[in-house]
Structure formats: structure tokens, C-alpha cells
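Dear colleague,

I am passing on the structure we spoke about, and below it you will find some notes on what turned up in it. Please read them with the structure open beside you.

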Amino acid sequence: MDPFSSISEELAEIDGQITDILRALSNGFQKLEKIKDSNRRSRQLEELTEKMRDCKRLIKEFDREVKNMERINDPNTSRMLNEKKQSMIKELNSYVALKKQYASNLDNKKIDLFDGPAEDLGEQNVLLASAMTNQQLIDNGNQMMDETDQAIERSKKVVHETINVGTETAQALKAQTEQMSRIVNELDSIHFSIKKASKLVREIGRQVIF
């Protein structure tokens, strides 16, 4: 039985959705390892970015539900819920860091997904959670999610730019291929005309001789 069901059915449902998305992110990044084509990799990164956005939104919903229940929950339950939330944020941030790595490799340039030391906040928050009050945990968690949201937005922009470059390159190659095809057709036509003219000249020459 889901441990959150006894606390709140809504919390249990949100937790289940977050768990499903985090599992999908794990599988998605494993799949990304095997993709060699840059355009396919860009599309996969964009899909993973959308999943991260959904996960962040659900974590915020989880946090709001926890805050609404603070007055009726006992201290142990509140602590357990906040630790669960911090664990979710830490795991989401690990995927954001992976996204940074793959996007950087894809575009051959560094992408700052976090500002300053924010890259390690997920781990730091978990390590310091026991020393924080509930309100500090909530405030810190909200800050983390806002930074993650900004990072995902920047990553999404990079992915779109990469896809646009790939599309423009493909269109240019297609146009060049079509141009070469037209040239070949024109050469064939010229060659045919020359052969026909040569044949006609030979026939005229024979008529003159006879």
C-alpha cells in the first residue's frame, strides 16, 4: 500500500505521477546513450525537457499539498513529507545536470543551466535537511524548483536552436541535390541533341556524296 494513501489520496496520486516521470526520465537518458543521429538526439532531449517541466510542476503541487496539511500533520509526518520532497528535487536536478551535459556535447559549447553554486544545491539541501526548519525546507525547495525551471527554459531554447540548424542544413542539402539533378538532366538533353545533330550531318554528307 502506498504510504501516502493514509495521509492524503491527492498526495499519493501526485507522488505516483512524479515516480512515473522520474522513471521515464531514467529510461529516456538510457535511450539517449544509444542515439547517434544529432537530429534524433535533439528531439529526444526536447521530450526529456518537457518531462522535467511536468515533474517540476508536480513537485510544486506536492509542496502546496504538504503546506496545506502542515497544521493537521504530526511532526514526524511533516518531516517525512519534506524529506520526500527534497529527494524528488535532488533526483530531478540530477537529470537537469545530465541534460546540461548532453546539450553541451551536442552543441559543442557550454550551457549554464544553473547560476553559481546552484548545481549542487540538490545534494546540499538533502545533507542539510535535518538542520532546517520546515519553513526553511519549503523556501529552499521553492528556490530550487524556480532555478530548475529557468534552467529547463534555457535548455529548451538551445534544443530548438539546434533543431532549426539541422532543419536548415537538411533543406540546403535538398536544394543542392535538386539542382544537381536538373544539371544532369540538362546535360543528358544536350548530349542527345548533339548525337541527333551528328547523325543529321552524316546523312546530309552522304546525300551530297551521292
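On the surface of this predicted model, the residues M180, I183, L187, I190 and I194 make a nonpolar patch of about 490 Å². One of these patch residues, I183, has its place in helix 5, which covers residues 134-209, and I183 is partly exposed, because its relative accessible area of 37% falls between the cut-offs of 20% for buried and 50% for exposed.

Helix 5 also holds R154, and this arginine counts as partly exposed too, at a relative accessibility of 30%. Although R154 and K100 are 54 residues apart along the chain, their C-alpha atoms are separated by 10.0 Å.

Turning to helix 2, which runs over residues 38-68, you may like to check its length for yourself: its 31 residues should span 45 Å at 1.5 Å a residue, and the C-alpha atoms at its ends are 45 Å apart, so the two values agree. The N-terminal end of helix 2 is capped by D37, which has a side-chain oxygen 3.2 Å from the backbone nitrogen of N39.

The same kind of check can be made on helix 1, where the 26 residues from 9 to 34 reach 39 Å from the first C-alpha to the last, close to the 38 Å expected at 1.5 Å a residue. Which residues of helix 1 are buried? They are L11, A12, I14, D15, I18, I21, L22, L25, G28, F29 and L32.

With best wishes

Terms used: Residues are numbered from 1 along each chain as its sequence is written. This is a predicted model: local features need pLDDT of at least 70, side-chain atom pairs count only at pLDDT 80 or more; totals for chains, interfaces and linings use all residues. Side-chain values use heavy atoms; hydrogens and water are left out. Helices (H or I, at least four residues) and strands (E, at least two) are DSSP runs, numbered from the N terminus. The expected span of a helix is 1.5 Å times one less than its number of residues. A polar contact is a pair of N or O atoms within 3.5 Å; within protein, one must be able to donate a hydrogen and the other to accept it, and residues adjacent in sequence count only if both atoms are side-chain atoms. Patches are made of residues with over 30% relative accessible area and no salt bridge: like charges are joined within 9 Å, nonpolar side chains (Val, Leu, Ile, Met, Phe, Trp, Tyr) within 5 Å. Accessible areas come from the Shrake-Rupley method with a 1.4 Å probe; for residues, only the protein chains shown count as cover. A salt bridge is a side-chain nitrogen of Lys or Arg within 4 Å of a carboxyl oxygen of Asp or Glu. Buried means under 20% relative accessible area, exposed over 50%, partly exposed in between (1.4 Å probe, protein chains only).
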